[in-house]
Amino acid sequence: MRYTGAVMSCLFCKIVEGSIPSTAIYQDSDCYAFADIGPQAPTHILIVPRKHIASLAATSEADAELLGHLVTIAAKIARDKALVNGYRVVMNTGPDGGQTVDHLHLHLLGGRHMTWPPG
Ligand code: AMP
Ligand code: ZN
């Protein structure tokens, strides 16, 4: 595989390929889920596509199936973690959205009551 500069320097690409360690929660041929290093809730898991996509803003209709898969995996992990009282799934997107890692990811947060609006 030929890597572009963005992919070579991407933290989550390195986590997906295993060159940076992480605590695996779930994986399949299209996605990888791992524990967030700075948990904001008792359960805080990141779900990322194996292929590099910079953000939700970089997606198109061609990514619809993959995006749907990521969301359904978030729900599956929430069931596996017995988050019966509910949870929050977040995709921070771009600078105003608070995105700090430029590889698309879903946050799955649970185990405490969430407030609204977010900060
Ligand atoms: P965002 O700010 O939405 O881009 O989310 C990036 C998330 O990645 C933050 O919640 C960080 O705590 C998390 N993070 C950063 N580095 C690592 C790492 N090496 N392993 C696991 N999570 C990480
Ligand atoms: Zn990446």
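**Exercise 1. State where Ala-82 is found in this predicted model, and what is notable about its backbone.**

Solution. Begin with the elements on either side: Ala-82 sits in the loop that runs between helix 3 (64-80) and strand 4 (87-90). Then turn to the backbone angle, where Ala-82 shows a positive phi of about 60 degrees although this residue is not a glycine.

**Exercise 2. Work out how many helices and strands the protein has, and in which order the elements run from the N terminus.**

Solution. Counting the elements first, one arrives at 4 helices and 5 strands. Reading them next from the N terminus on, one obtains the series α-α-β-β-β-α-β-α-β.

**Exercise 3. Find which peptide bond is cis, and place Pro-117 relative to the strands.**

Solution. The bond to look for is the one from Trp-116 to Pro-117, which is cis with an omega near 5 degrees. As for its place in the chain, Pro-117 belongs to the segment that comes after strand 5 (106-110).

**Exercise 4. Decide whether the radius of gyration of the protein agrees or disagrees with that of a compact globule.**

Solution. The first step is the expectation, which for a compact globule with 119 residues is a radius of gyration near 14 Å. The second step is the value for the protein, which is 14 Å and therefore agrees with that expectation. To complete the picture, the C-alpha atoms fill a box of roughly 45 × 30 × 30 Å when this is taken along the principal axes. Contacts can be examined as well: among those in the protein with a separation of 6 or more, 54% are accounted for by residues 24 or more positions apart.

**Exercise 5. Determine how many disulfides there are, and whether Cys-31 is buried or exposed.**

Solution. A disulfide is a covalent bond between the sulfur atoms of two cysteines. The cut-off applied here asks for a pair of cysteine sulfur atoms within 2.5 Å, and by this rule the count comes to 0 disulfides. Cys-31 is in no disulfide, since the nearest cysteine sulfur, that of Cys-13, is 14 Å away. With burial taken as under 20% relative accessible area, Cys-31 is buried because its relative accessible area is 0%, and Cys-10 is likewise buried because its value is 5%.

**Exercise 6. Describe the surface and the charges of the protein.**

Solution. Start with burial, where buried residues make up 37% of the 119 residues. The accessible surface comes to about 7,300 Å², of which 55% belongs to carbon and sulfur atoms. Finally, there are 9 positive and 10 negative side chains, and the centres of these two sets lie 6 Å apart.

Notes. Residues numbered from 1 in each chain as written. Chains lettered and ligands numbered in written order. Predicted model: local features only at pLDDT ≥ 70, side-chain atom pairs only at ≥ 80, totals over all residues. Heavy atoms only, no water. Helix = DSSP H or I, 4+ residues; strand = E, 2+ residues; numbered from the N terminus. Rg over C-alpha atoms; globule rule 2.2 N^0.38 Å. Buried < 20%, exposed > 50% of the residue type's maximum accessible area, 1.4 Å probe, protein only. Contact = heavy atoms within 4.5 Å. Areas by Shrake-Rupley, 256 points an atom, 1.4 Å probe, with all protein chains shown as cover. Lys, Arg positive; Asp, Glu negative; His and termini not counted. Charge placed at Lys NZ, Arg CZ, Asp CG, Glu CD.
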